[in-house]
Amino acid sequence: MTHTQPRVRISVVGCGYLGAVHAAAMAHLGHEVIGIDTDEQRIASLSSGVAPFFEPGLDDLLTETLASGRLRFTTDPRSLADTQVHFVCVGTPQREDSEAADLSYLAAAIATLAEHAAPGSLIVGKSTVPVGTAAGLVADLADSRPDLGLVWNPEFLREGFAVRDTLQPDRLVYGLQEGAEGARHRQQIDEVYAALLDDTQVVVTDLATAELVKVAANSFLAMKISFINAMAQLCDATGGDVVDLADALGHDTRIGRRFLGAGIGFGGGCLPKDIKAFRHRAEEIGASLASGLINEVEQINLAQRDEVVQRVSAWFDGDVRDRRIAVLGAAFKPDSDDIRESPALQIAARLAAAGAEVRVTDPQALPVARSRGPQSLSYVDSLDTCLDGAEAVLLLTEWSEYRALDPHLAGRAVAERRIFDGRLALDPDKWASAGWHYVSVGRVDRAPR
Ligand code: UGA
């Protein structure tokens, strides 16, 4: 490693998903970090080394960095006066009255920084924001605290891989103010990331482009998923196989295989919200090409859920009343307990609304689902209880234990051997050989053999 490893005094404002991981990761790199949040419970949990959400590897990283003495958490904003670089990691959820991003937490964070930040310190924005937000903040700070700098440094971490993505990012993006000021800020941010620079591509750009990179990346990923789901419809109509199609497309390095997973579509706290906010901003600006594209992406995504409900209902001649349905997976994706915009739960709730008796299981997301998920569903801890007497099984979140399910064993528990593979995670012939009707999207159905 050619770079020296400076120790920077860092604050992380907002200790939700992004902030908690970022704070622990920065302390792991050797910096002195203080995580600040207004939520006392969250701060208490993080201070005791326990993440308030499920994220593989994070509890260990918290334990390690708290024990080193380089990481602390507090609700006291006066700690900002002792730090040189402030990462802003607050949430930007969807507004209640429109599809726009709610920037009130960001405004509150900046107001707190303007009141408490040390003279000449640097604010680094990581939250996902509509393009133009950072320029507005620079203008506001010019009045209240012209000594504070601003860099926009979007975050691309995925739930389930958040620690790895933070410590080994694909790229770092620095959105800088113009001129000498920007050059000085770059030096400051380079000091923070010094340990990563040898192995990481750095893209240096302006504030607006840095903001756009984040929403464009999430929109592109969403577009890839909707593209392959549109291809699945074509495969269904023509007897093609969308998995073979995706494999063949993916060998073209210009296309790539990742995010060509067809099935029930995308959910979570990021992609659905970010594409809506992106469309809203594009419409405000008059960028109709971008907003039109996002409309299609979103429509295809929602249509996948209708398709599943229809296919499952077709097994029961369109009437699922009192049918016992087992749903495997509640989280929006595996290795996460996040149920926000979970396609699995939305499909399950629609079947329950049509009168089905739906049991849902999940390795991690049940506590969250029980308190915040649809109350029309029965949440059961054991896979066996979920499968017991089921007349149809729906695999909707591809946890590794569901991928590895033995069709013979599962077959003994259910009343009818019907499986809907919503994530194209199973081997259709293996299931058909074990006596199952296998149905999915973009693949020829298999009759039991
Ligand atoms: C996404 C982005 O991947 C991150 O780069 C970004 O930093 C993050 O949003 C964010 O904005 O904070 P995440 O929400 O954790 O990360 O989830 P993804 O792994 O992107 O998956 C999103 C959804 O797409 C899931 O429901 C997943 O099941 C679905 N998906 C993914 C598919 O349906 N097909 C695929 O091929 C891949």
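Where does the ligand lie, relative to domain 1 and domain 2? Keep that question in mind as you open the structure, which is a predicted model.

**Stop 1: the two domains**

Start by colouring residues 9–199 in one shade and residues 221–439 in another. These are domain 1 and domain 2 in the domain assignment of the protein. If you mark the centre of the C-alpha atoms of each domain, the two points are 33 Å apart. Now look at where the domains meet: 17 residues of domain 1 are in contact with 18 residues of domain 2.

Next, show the ligand. Both domain 1 and domain 2 give residues to the shell around the ligand, so the ligand lies between them. That settles the opening question.

**Stop 2: the shell around the ligand**

Select the residues that surround the ligand; there are 21 of them. The closest are Phe156, Leu157, Glu159, Asn218 and Gly261. Try colouring the shell by class, and you should find 10 nonpolar, 4 polar and 7 charged residues.

Which helices each supply at least two residues of this shell? Switch on the cartoon view and pick out helix H8 (207–238) and helix H10 (271–285). Helix H8 gives the most, with 4 residues.

**Stop 3: polar atoms beside the ligand**

Zoom in on the oxygen atoms of the ligand and look for three protein partners in turn.

- Glu159: a backbone N or O atom of this residue lies 2.7 Å from a ligand oxygen.
- Lys214: here an N or O atom in the side chain is 2.8 Å from an oxygen of the ligand.
- Gly267: a backbone N or O atom of this residue is 3.0 Å from a ligand oxygen.

Now turn on the surface of the protein. On its own the ligand has 720 Å² of accessible area, and the protein covers 89% of that.

**Stop 4: Ser336, a partner of Glu159**

Keep Glu159 on screen and add Ser336. Their side chains are joined by a polar contact of 3.1 Å. To place Ser336 in the fold, find the loop between strand E9 (324–328) and helix H12 (343–353).

Is Ser336 buried or exposed? With a relative accessible area of 1%, Ser336 is buried. Leaving aside residues up to four places away in sequence, Ser336 touches Phe54, Glu159, Ala331, Gln364 and Trp399.

**Stop 5: two unusual backbone angles**

Stay in that loop and select Asp335, which also sits between E9 and H12. Asp335 is not a glycine, yet its phi is positive, at about 60°. Asp335 is partly exposed, with a relative accessible area of 33%.

Then move to Asp322, in the loop between H11 and E9. Asp322 has a positive phi of about 65°, although it is not a glycine either. The relative accessible area of Asp322 is 65%, so Asp322 counts as exposed.

**Stop 6: Ser313 in helix H11**

Select helix H11 (residues 288–315) and find Ser313 within it. Ser313 is buried, with a relative accessible area of 13%. A polar atom of the Ser313 side chain lies 2.6 Å from the backbone oxygen of Val309.

Now add Leu351. In sequence, Ser313 and Leu351 are 38 residues apart, but their C-alpha atoms are 8.2 Å apart in space. Leu351 is one of the residues that Ser313 touches beyond four places in sequence, along with Gly318, Asp319 and Val320.

**Stop 7: towards the end of the chain**

Go to Arg443, in the segment after strand E14 (437–439). Arg443 counts as buried, at 10% relative accessibility. Follow its side chain, and you will see that it reaches the backbone oxygen of Leu426 at 3.2 Å. Beyond four places in sequence, the residues that Arg443 touches include Asp236, Asp241, Asp421 and Tyr438.

Finish at Ala432, in helix H17 (residues 428–433). Ala432 is buried, with 0% relative accessibility. Show Arg446, Ala447, Pro448 and Arg449 as sticks; Ala432 touches these four, not counting residues up to four places away in sequence. As a last exercise, draw a line from the C-alpha atom of Ala432 to that of Cys386: these residues are 46 apart along the chain, and the line spans 21 Å.

Methods
Residues are numbered from 1 along each chain as its sequence is written. This is a predicted model: local features need pLDDT of at least 70, side-chain atom pairs count only at pLDDT 80 or more; totals for chains, interfaces and linings use all residues. Side-chain values use heavy atoms; hydrogens and water are left out. A residue is near a molecule or strand if one of its heavy atoms lies within 4 Å of it. A polar contact is a pair of N or O atoms within 3.5 Å; within protein, one must be able to donate a hydrogen and the other to accept it, and residues adjacent in sequence count only if both atoms are side-chain atoms. Accessible areas come from the Shrake-Rupley method with a 1.4 Å probe; for residues, only the protein chains shown count as cover. Ala, Val, Leu, Ile, Met, Phe, Trp, Tyr, Cys and Pro count as nonpolar, Asp, Glu, Lys and Arg as charged, and the others, Gly among them, as polar. Domain bounds come from an automatic or database domain assignment. Buried means under 20% relative accessible area, exposed over 50%, partly exposed in between (1.4 Å probe, protein chains only). Contact means heavy atoms within 4.5 Å.
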